[in-house]
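Me: Could you take me slowly through one part of this structure, beginning with a single residue, and then connect it with what lies around it? I am new to this model, so please explain each step with care.

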Amino acid sequence: MSELIRFGVSIDKALLGKFDKLIKDRKYSNRSEAFRDLIRKDLVVQEWTAGKEVAGAITLIYDHHKSDLVNKLIEVQHDKDFSQLVICSQHIHIDHHNCLEIITVKGSPKKIRMLSDKLKATKGVKHGDLTMTTTGKDMR
Ligand code: NI
């Protein structure tokens, strides 16, 4: 564990008031943890921009009655450019028509975005989203 440093921050009173309200709404126990999370959020964005190895989750909602859609989605994941990114996928039958698929990915941000875009753009996918996070290796 790295050394813990305390430092002072000068901040506009009204802005601090807003920050404290946000902290309360999001159930943080103190300002320090909320502040650390704000920093980490920017560091994650930086990892994705810099092309470092990242992790993420692609979520898809689709109608499994749509002809051949399931096979198309699997085919995209098996593509030689993408197969090494996919760690696992979980399929949940939401109801009679709708399926939720959560695909856990790790690797190049550029390739993960490409995979996510391709899956989302597949005809019959009702909603898709990419949650961009970190492998945690360089995060404290
Ligand atoms: Ni299903």
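**From one residue outward**

Reply: D63 is buried, because its relative accessible area of 13% falls below the 20% limit used for that class. This is a predicted model, and the values that follow should be read with that in mind. D63 is placed in strand β1, which covers residues 54-63. As for its relation to E75, the two residues are 12 positions apart in sequence, while their C-alpha atoms stand 17 Å from each other in space.

Following the chain onward from there, one comes to the loop between β1 and α3, the helix of residues 69-78, and in this loop sits D68. Its backbone deserves a careful look, since phi of D68 is near 65 degrees, which is a positive value in a residue other than glycine. Unlike D63, which is buried, D68 is partly exposed, as its relative accessible area is 45%. V70 is found in helix α3, and this residue too is partly exposed, with a relative accessible area of 29%.

V70 also offers a way to the metal site, for V70 and H91 are 21 residues apart in sequence, with 11 Å between their C-alpha atoms. H91 is one of the protein donors of the nickel ion, which it contacts through NE2, while H93 does so through ND1 and C99 through SG, at distances from 2.1 to 2.4 Å. Along the sequence these donor residues follow the spacing H-x1-H-x5-C. How do two of these donors, H93 and C99, fare when one asks whether they are buried or exposed? H93 is exposed, because its relative accessible area of 61% is over the 50% limit, whereas C99 is buried, because its value of 1% lies under 20%.

It helps to step back and see how the chain is divided. The domain assignment gives domain 1 as residues 13-50 and domain 2 as residues 54-133, and the centres of the two domains, taken over C-alpha atoms, are separated by 30 Å. A link between distant stretches of the sequence is seen with D138, which is found in the segment after β4, the strand of residues 125-134. D138 and E47 are 91 residues apart in sequence, yet their C-alpha atoms are 9.4 Å apart in space. D138 counts as exposed, with a relative accessibility of 54%.

The other part to examine is the largest pocket, whose volume is about 940 Å³. Of the 25 residues that line this pocket, F7, S32, F35, R36 and I39 are those nearest its centre. Two elements, α1 (13-25) and α2 (31-50), give two or more residues each to the lining, and α2 supplies the largest share, with 8 residues. In chemical character, the lining residues divide into 15 nonpolar, 8 charged and 2 polar.

Two of the residues nearest the centre of that pocket, F7 and F35, appear again when aromatic rings are considered. A search of the whole structure finds 1 aromatic pair. In this pair the ring centres of F7 and F35 are 6.1 Å apart and the ring planes meet at 50 degrees, so the pair is tilted. Because F7 lies in the segment before α1 and F35 in helix α2, the pair ties together parts that are 28 residues apart in sequence. The two partners are not alike in accessibility, since F7 counts as exposed at 58%, while F35 is partly exposed at 32%.

Between the two helices that contribute to this lining there is a further residue to note, namely K27, which is found in the loop between α1 and α2. Phi of K27 is near 65 degrees, again a positive value in a residue other than glycine, and this brings to mind D68, whose phi is also near 65 degrees. K27, however, is exposed, with a relative accessible area of 71%, whereas D68 is partly exposed.

Terms used. Residues are numbered from 1 along each chain as its sequence is written. This is a predicted model: local features need pLDDT of at least 70, side-chain atom pairs count only at pLDDT 80 or more; totals for chains, interfaces and linings use all residues. Side-chain values use heavy atoms; hydrogens and water are left out. Donors are N, O and S atoms within 2.8 Å of the metal (3.2 Å for Na, K and Ca); water is not among the atoms, so sites may look incomplete. Buried means under 20% relative accessible area, exposed over 50%, partly exposed in between (1.4 Å probe, protein chains only). Domain bounds come from an automatic or database domain assignment. On a 1 Å grid over the protein atoms alone, a cavity is a set of points where a 1.4 Å probe fits but cannot get out, and a pocket is an open set with protein on both sides within 12 Å along at least five of seven lines; lining residues have an atom within 4 Å of a point. Grid points are joined across faces, edges and corners, and a volume is the space filled by probe spheres set on the points. Helices (H or I, at least four residues) and strands (E, at least two) are DSSP runs, numbered from the N terminus. Ala, Val, Leu, Ile, Met, Phe, Trp, Tyr, Cys and Pro count as nonpolar, Asp, Glu, Lys and Arg as charged, and the others, Gly among them, as polar. Rings of Phe, Tyr and Trp (its six-membered ring) pair if their centres lie within 6.5 Å; planes under 30 degrees apart count as stacked, over 60 as edge-to-face and the rest as tilted.
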